Amino acid sequence: MPAVPMNDPEGTPTSYWAATAPAGPNIPTFDGSERADTVVVGAGYTGLSAALHLAQRGSSVLVLDAHEPGWGASGRNNGQVVAALKHEPHEIEERFGKERGGELIRVIGNGPDLVFGLIERYGMECSARRSGILTAAHSATSLADLQRRVEVWMRRGAPLQLLSRAELESRSGTGFYVGGCLDPRGGAINPLGYARGLAAAVLREGGQIRQKAHVNSIVRAASGWRVNLDRGSVVASRVILGTNGYTDDLWPGLKKTFLPARTPQLVSKPLRDNVRKSILPGGQIMSDTRYLTVGVRMHADGRMHLGGGGGTAGADRPVLYEQLPKEARALYPQLGDVEWEFRWSGFMAMTPDRYPRLFELAPDVAAALGYSGRGICTATIMGRELARWAAGDAGIDDLALPVSTFRTLPYYALRGPIIEGTVLFHTLRDRLSPA
Ligand SMILES: Cc1cc2nc3c(=O)[nH]c(=O)nc-3n(C[C@H](O)[C@H](O)[C@H](O)COP(=O)(O)OP(=O)(O)OC[C@H]3O[C@@H](n4cnc5c(N)ncnc54)[C@H](O)[C@@H]3O)c2cc1C
């Protein structure tokens, strides 16, 4: 039986992020006396960004999280700040039309400006480095796709650069790929530091946050909505749900609108000086075009960090971490024996078409989720968009992402075999892709 995401252990997982991010602000627990115009459920990027943008407007806002800020995917991810969804700009335009699609592409392209802008404005300590993102092509077909990506973005004024095999090799230190591209808009962060920084910014702007505040249900009240917790309830005019891959039963059917996929992260002990200098010497993060994308980054203390390359719907278990060391050796044979010091995992919310969802669940109740592994920028953007809606500055139909039809996945109960079958299928497919 697949694990229930919200049953992941209490407390921040022992990750490299937890070992290196500054402590978050002191957050009280819920005592039942709290009042707010807008209640936000979930203290990840979606919820915290929504609360921050509301608090900046002077609106009263209360964030409730069953655990603590950054406990979910926001504190566990790879830290790649990417100006992209899982789809190429031309596909987004085909899907949403020239006008809505074009606007979405523009907003997504500005995602890193939003994230790095907030980090700078609020002095968040999250090792932010805007040195660009490398995408490495594993096959000639995927290199041709990257060429199109570069051309389309260049036409929109974004300075992406196509890289030959030799150029990619000199920037990445691996000859494994056939070429790639560099997107200078993106960069790297300590994601838990960013989540905690957002929480501190919410408090600084006058918003409230409560941790260990699990929401059981949200029901209509005489005026607005009653948000029910174990230790009382709070009535609000509007409710925003930012629970993503950790969504449980708080809203009927919401957790069945995507598949929760657990993916691994692995960080080594510091590498030998000559080896560390040979890997990603320009300080970029690299990810590749394989379906089971592998992300690679080097930390300032000489540790190598790998993420992705597989997944499960089940509990965290050793087999989840078996593939990444093999990937590391295939990419960088000079590594020799590496000791992997930190390993952890987290749940992504994967939608079938890998587009995020904006749901109007009921009048004055909205949710954004399903970022499919691209959530640092997108969740921050969606939080900002939901704040515009909750503050009454925009209608739900005027936000950057068009509203989705609420549909549960009929095969949700089979998510375990589906995710593991998909991983197996794509592992084979990625291996067979002609380079
Ligand atoms: C391993 C991994 C690597 C990733 N790498 C990247 C990357 O490099 N770049 C990128 O852009 N994206 C990446 N992502 C995706 C990104 O991390 C997520 O899309 C993003 O963090 C989602 O933020 P969120 O606020 O919507 O949800 P989350 O951060 O998951 O937060 C949801 C919160 O909701 C709370 N919650 C749930 N139910 C309830 C309830 N009933 N009551 C109260 N609280 C509740 C949970 O406690 C949790 O804190 C990665 C994800 C994972 C898992």
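This passage walks through the ligand shell, three helix contacts and two sheets of a predicted model.

As the model is predicted, local features need pLDDT of at least 70 and side-chain atom pairs count only at pLDDT 80 or more, while totals for chains, interfaces and linings use all residues. Residues are numbered from 1 along each chain as its sequence is written.

Let's start with the ligand. It is surrounded by 46 residues, and the closest are G42, G44, G72, N77 and G375. Being near here means that a residue's C-beta atom, placed from the backbone, lies within 6 Å of the molecule or strand in question. Four elements give two or more residues to this shell: α2 (45-56), β13 (259-268), β17 (340-350) and α11 (376-390). The α and β labels are DSSP runs numbered from the N terminus, with helices being H or I of at least four residues and strands being E of at least two. Sorted by class, the shell holds 18 nonpolar, 24 polar and four charged residues. In this sorting, Ala, Val, Leu, Ile, Met, Phe, Trp, Tyr, Cys and Pro are nonpolar, Asp, Glu, Lys and Arg are charged, and the others, Gly among them, are polar.

Next come the helices, beginning with α2, which gives residues to the ligand shell. α2 packs with α11 at an angle of about 40°, and their axes are 7 Å apart. (Axes are lines fitted to C-alpha atoms, for helices over the stretch in contact, and angles run from 0 to 180 degrees between N-to-C directions.) That angle makes α2 oblique to α11; the cut-offs are under 35 degrees for roughly parallel, over 145 for roughly antiparallel, 65 to 115 for roughly perpendicular, and oblique for the rest. α2 passes α11 in a right-handed crossing, with the near helix turned clockwise from the far one by less than a right angle (anticlockwise would be left-handed). On the α2 side, the contact is made by Y45, T46, G47, L48, S49, A50, H53 and L54, and on the α11 side by I376, A379, T380, M382, G383, R384, L386, A387 and A390. Two residues are in contact if their C-beta atoms, placed from the backbone, lie within 7 Å. This contact of α2 with α11 has ten nonpolar, six polar and one charged residues.

α2 also packs with helix α8 (residues 191-204), here at about 25° with the axes 9 Å apart. The two helices are therefore roughly parallel to each other, and the crossing of α2 and α8 is left-handed. Y45, L48, S49, A51, L52 and A55 of α2 make this contact with A195, L198, A199, A201 and V202 of α8. It counts ten nonpolar residues, one polar residue and no charged ones.

α11 has a contact with α5 (residues 111-121) too: the angle is about 80° and the axes are 9 Å apart, which makes α5 roughly perpendicular to α11. Here G111, P112, L114 and V115 in α5 meet I376, C377, T378, T380, I381 and R384 in α11. Six residues of the contact are nonpolar, three polar and one charged.

Now for the sheets. One is an open sheet of eight strands in the order β5-β6-β4-β14-β15-β16-β13-β17, with mixed pairing. Strands count as paired if DSSP finds at least two bridges between them. β5 (161-163) and β17 are the edge strands, each pairing on one side only, and the twist averages 20° from one strand to the next. Inside this sheet, β13 and β16 (residues 304-308) pair in the antiparallel sense over three bridges, with V267 having H305 in β16 as its bridge partner. Helix α10 (residues 323-331) packs on the sheet, touching β13, β15 (294-298), β16 and β17, and its direction makes about 120° with that of β16.

The other is an open sheet of three strands, β9-β10-β11, with antiparallel pairing. β9 (215-220) and β11 (232-236) each have a single partner strand, so one side of each is left without a neighbour in the sheet. On average, neighbouring strands are turned by 20° against each other, direction ignored. β10 (residues 225-229) pairs with β11 in the antiparallel sense over five bridges, and the two form a hairpin with two residues between them. Across this pair, L229 stands opposite G232, and V227 stands opposite V234.
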